[in-house]
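Hello,

Here is the structure I promised to pass on to you. My notes follow right below it, and I hope they save you some time.

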Amino acid sequence: MESQVAEIVQHTGGAIGNAWLMIAFPLVGAFILLVFNRFTNRWGHLLGVAMSLASFVVAVLAFFELIGFGEEERRRAVHLYEFIPGMVDMGLLIDPLSICFALLITGVGSLIHIYSIGYMAHDEHRRRFFSYLNLFVAAMLLLVLADNYVGLFIGWEGVGLASYLLIGFWQFKPSAATAAKKAFVVNRVGDLGLLVGMFVIWTTFGTLTFQGLAEKITPGTQNGTMLAIGLLLLLGACGKSAQLPLQSWLLDAMEGPTPVSALIHAATMVTAGVYLVVRSGAFFFPEGSGAALAVAIVGAVTLLAGAIIGCAKDDIKKGLAGSTMSQIGYMMLGAGLGPAGYAFAIGHLITHGFFKADMFLGAGSVMHGMNDEVDMRKYGALRKAMPITYVTFMIGYLAIIGFPLLSGYFTKDGIIETAVHHQPILGWLAVIGAGVTGFYMSRMIFMTFFGEKRWADDAHPHESPLVMTVPLMILSLGAIGLGGWLVLGGTLYKFLIPAVGGNINEVPHFDFFSTPGLVTLALVAVGVVFAWMRYGRVAVPSVQPRGNFLTTFARRDLYGDALNESLFMRPGQWLTRLAVFFDNRGIDGVVNGLAAGIGGSSGRLRRIQTGFARSYALSILIGAALLTGALLFVGNI
Amino acid sequence: MTTHYLVLSGLLFAIGAMGVLIRRNAIVVFMCVELMLNACNLAFVTFSRQVGNLEGQIIAFFVMVVAAAEVVVGLAIIVTIFRTRRSASVDDANLLKY
Amino acid sequence: MSPWLPILMAVPVVGAIVVALLPKGSDKLAKQVTLLVSLLVLVLTGVMAAGFKPSGERFQFVAEYNWIPSFGVKFGVGVDGVALVLIALSVVLVPIVVLASWHDADGVKAADGTLITPKRSVKTYFSLLLVLETMMIGVFAATDIFLFYVFFEAMLIPMYFMIGSYGGAQRSYAAVKFLLYSLFGGLLMLVAVIGLYVVAGKQTFMFPELVGAIQDPTMQKWLFGGFFIAFAIKAPLWPVHTWLPDAAAQAPAGAAVLLVGVLDKVGTFGMLRFCLELFPDAAKAFTMPIVVLAVISIIYGAIVAIGQTDMKRLIAYTSISHFGFIVLGVFAMSSVAQSGAALYMVNHGFATGALFLAAGFLIARRGSPFIGDYGGVQKVAPVLAGFFLIAGLAGLSLPGLSSFVSEFMVMIGTYSSQAHGSGALAAAAVVSAVAVVLAAVYILWMVQRTMNGPTAEPVKAFKDLNAREIWVLAPLVALIIGFGFFPKPLLDVINPSVQQTLTNVQVPTSTIAEGTGQ
């Protein structure tokens, strides 16, 4: 017996009934900042922060209102308005799953808004930055709060737009503009999957709302159509969450300002794929189905790929980006394991949101103090220069490698143990991935905060202002305690049961001394020691060494870009050129040829008009004679 | 009886037509056209007499009126062309072509 | 008898005469009068539209006057939901175009900075614009097929002069190509109109009376062909599309907006109203070939758009892709897809209109339509870049903007349509969905090459949008975003008349399979 998904009940009034305010606040903020333009330059950032905080307050109120209901009544749908008549209405679904996301988005989002005040202080377009951030928060909230796939899709593309705008925020850099476009286009490939998935859902079930689907689908149903829908949704999830094979945009996305990388490309947007899988889990990814297995495989492969990429990057942000890919791989792996995995996946998503945002912002703080230098080979010995950043970053580091009793330890170990239990091969791959994580994160720490100074001559590293370090401290608090609070005793698992299913009697027990857990710890330790030997004990060269084949492989992002280029981009360019040529010469050629043909033949024909009156007279005579002859002939028949 | 008139009419018409086609002098061509018109007139009158109603003769009058009008305009044109070009050959007046 | 539509059609003509009769040198006055008249028409249309009852009779505001009694030709006008929204689209676009074209008729700047002087006067341009407005209203309002034909052809004439006299360097080539292409289709349609009159034998051209008049399937096919080819050229559908890029690229930006935004819609409108309802059996017989053509248009237009170096041509090719979607929706024979197609006609007018105008403003600053001549505009003219981006995003059907709703409805309606054996149409929907990715490539690549990157030398002197230009684009953007989240007002008007169409074609209106996942 499994899947105790609760029924969705209609709700009006209260904080939940007004949950649309969560979306409206940042949307209004973005609108004001964009429309009133220069006039808001002086206080625009404050408005942005205020709107994000207002949204957070609504989310908290809604959360407390939600837990006031009995467990079976914790899925509240709020009808907003008729969107496409006869197809879908716009509405919100406030349930344990979406409220978790809403709290994470508005909470971490607000912290990152505050941090950005300091980080972007010297940018002349700070107001525009905050308007985009607000737009992002609004779209992301719509994504997780919508009670139907169309609303989700609007939010889905909305965050894609915000991501596009923010990656390309410094659009005068060609690399940033290209990265922004690449992110959008690759995401659109994934969106294609989501879009076609919606076609199939609508055609098969005649509804696009989660409530409608819950009424029509018997839990655990498996057939070809369901598998197709599952795989199509997975394609969408891969695009948004930078999972293989659509991972290539995330590393380039680091062209954006660092708070963007923290908020969008680590804490929230990239986890939307996990949300999609978990939200659709009860319908299209039932435990043990082919679709769920595909999700788990994609997760396991990506977690290794991301970790390998992370090992070779000298750019601190790209290293963290590889790590993000890898961690989302863990979440996907968890999301492919049914309700038991969902709780850990979501748990890891939340703790990752904290510790990864913490580290990204820490990296931003380092860059802030180092004249925007991102190459870790130019860092070294920064722990003295920026102590707060160092401590908070260390906490994030310990959390991500799974140091016992910190957040990441509980959630990641939970995923690994569940995976070993359900899909042993994938589970052990995840264990290996944890070891690699230990290596690349330690490498980052050693290169950045320990060892010798390798700074550029004009670098004067200094600690960042309080407006930047306070968010760091708050995030690192989350990185310390959140995991244990969510996992121990199955708090999150129980809380999520009404939304994603599960069995109240089979709450997974967190085992501190399980075999996979101990092996993981041992491997992580090996990874840390290995990193210390390579980057801690010996001096790090400030110029990148050539590296062997494997290093190059990882530095080139596992040749993902090369593959895309040779498989899609170049053939695509040829096809485009061919099509343009065909259009100009082929189709238009026929048209113009026809015109030229008519023109030419009439040019010949007019030569008959010689201008000699007598030849006209002759042709008249012949004509008359022929006519007379014809009349005689016809008359004789 | 009427056959002779019709044959005469045909002969006159043929002579006129040949004249139009062969001669270059505009005045001669013009007279040949008149000859053809009158050949037609003869045919009309002949048939009128043969059939016994007046319509053919009326048409003959119409033709004569048109021919007179044509002579007025046509001769004027020919004279003008002769004045400007010192030639009355129809082949020389071939600018209106293509 | 309701006087609304004749009044709507008369006001612009009167305005056109007034503008044409203004003394020489009063160009500014001519522009002001044109703007006032077009705004008056907009207000009148708004008042009329408020009285439209979606649940009422199909054709409302009907008026009929005898025109050529011996052939039963009438001046018959009336609107159903689809016609109403298209008239609304036209009258919204005209004042915007007038404002946008404030300096268009003064001449177009060439790439080297020289002015290509127009052949005719400024007031003639605006007078032509008003004449065109009358014809646009007339063509959508006509319920008499002969009257429709007259407007269909007559519309070419003002547009011919607007392209041929006020356009870019190759204007005569483009104008003649546009005219000949359209006339060719129009003549085929004339043959079909006469054939319809003769075969039906009802001594009338009135559309409502001719529905179902032709029973013979073979005759239906021939007449359908006549109408369809004319509409396919107008729309334009692959492979008879090559006049559009030339015409749109050479026309002044305002005229291009009306050309692509409204005139081409007559083609798809005609398919929906005339091809389907008058010849239902033929329409069903030809569904698959037409769907294939539509899908080719969608993909082909998008791919060719990616390869364009000229902004206006690029936008024209994106329109070819979008018209493919509209045709697909019309012939998918499901209510969702057809409503989506009708909605698409309106949304495409706004979205492409905004994009053409924004591109026009950009081109007016530099003279060159070539993408390669720009770069880094965002740095010097952020407002222009912002509007350009929003218009572009509407062109790639970003969810939350109006074109998404219609594109989504077309695709999902096509996928779920059971009209022609579900498999083929479903495949068509999936293939056309690939255009979603291609659209992102052509729009964002254009944005990147023009707006982003280091600022090109000639671009540095650019001024940002002035108040007039902002007032041109702001209403369009407001409509795009507004209808993106609240498409219901339009759909409520469109849906009943689409249902009526499907009833006349004898397709069951509920095409959603009641399946379960078991």
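Of the two pairs of chains that touch, A and C have the most contacts between them; two residues are in contact if their C-beta atoms, placed from the backbone, lie within 7 Å. Before you go further, please note that this is a predicted model, in which local features need pLDDT of at least 70, side-chain atom pairs count only at pLDDT 80 or more, and totals for chains, interfaces and linings use all residues. Residues are numbered from 1 along each chain as its sequence is written, while chains are lettered from A and ligands numbered from 1 in the order in which they are written.

Back to the chains. The contact between chains A and C takes 47 residues from chain C and 45 residues from chain A. On the side of chain C that touches chain A, the elements giving two or more residues are helices H14 (287–306), H17 (377–380), H19 (402–416), H20 (422–433), H21 (435–451) and H23 (488–505) of chain C. Helices (H or I, at least four residues) and strands (E, at least two) are DSSP runs, numbered from the N terminus. H21(C) gives the most to that side, with seven residues. By class, the side of chain C that touches chain A has 29 nonpolar, 14 polar and four charged residues. Here Ala, Val, Leu, Ile, Met, Phe, Trp, Tyr, Cys and Pro count as nonpolar, Asp, Glu, Lys and Arg as charged, and the others, Gly among them, as polar.

And chains B and C? No contact joins them, and their closest C-alpha atoms lie 23 Å apart.

Now to chain A by itself. Chain A has 24 helices and three strands, and its C-alpha trace spans about 115 × 65 × 55 Å along the principal axes. Of its 637 residues, 58% count as buried (20 or more other C-beta atoms within 10 Å of the residue's own, with C-beta atoms placed from the backbone). UniProt, in an unreviewed entry, lists residues 146–435 of chain A as "domain: NADH:quinone oxidoreductase/Mrp antiporter transmembrane"; UniProt positions are given in the numbering used here, feature names are shortened, and annotations may be inferred rather than shown by experiment. That span is 76% helix and 0% strand, with its end C-alpha atoms 38 Å apart.

Two helix pairs may interest you. In chain A, H11 (residues 258–267) and H14 (residues 316–335) pack at an angle of about 5 degrees, with their axes 11 Å apart. H11(A) is therefore roughly parallel to H14(A) (angles under 35 degrees). Axes are lines fitted to C-alpha atoms, for helices over the stretch in contact, and angles run from 0 to 180 degrees between N-to-C directions. Thr258(A), Ser261(A), His265(A) and Ala266(A) in H11(A) meet Lys317(A), Ala321(A) and Thr324(A) in H14(A).

In chain C, the axes of H16 (residues 335–366) and H23(C) come within 9 Å and cross at roughly 130 degrees, which means that H16(C) is oblique to H23(C) (neither under 35, nor over 145, nor 65 to 115 degrees). The residues of this contact divide into eight nonpolar, six polar and no charged.

Lastly, chain B: the unreviewed UniProt entry places "transmembrane region" at residues 6–22, 27–47 and 59–82. Residues 27–47 of chain B are 100% helix and 0% strand, with end C-alpha atoms 30 Å apart. Residues 59–82 of chain B are likewise 100% helix and 0% strand, and their end C-alpha atoms are 33 Å apart.

Best wishes

Conventions:
Buried ≥ 20, exposed ≤ 12 C-beta atoms within 10 Å, placed from the backbone.
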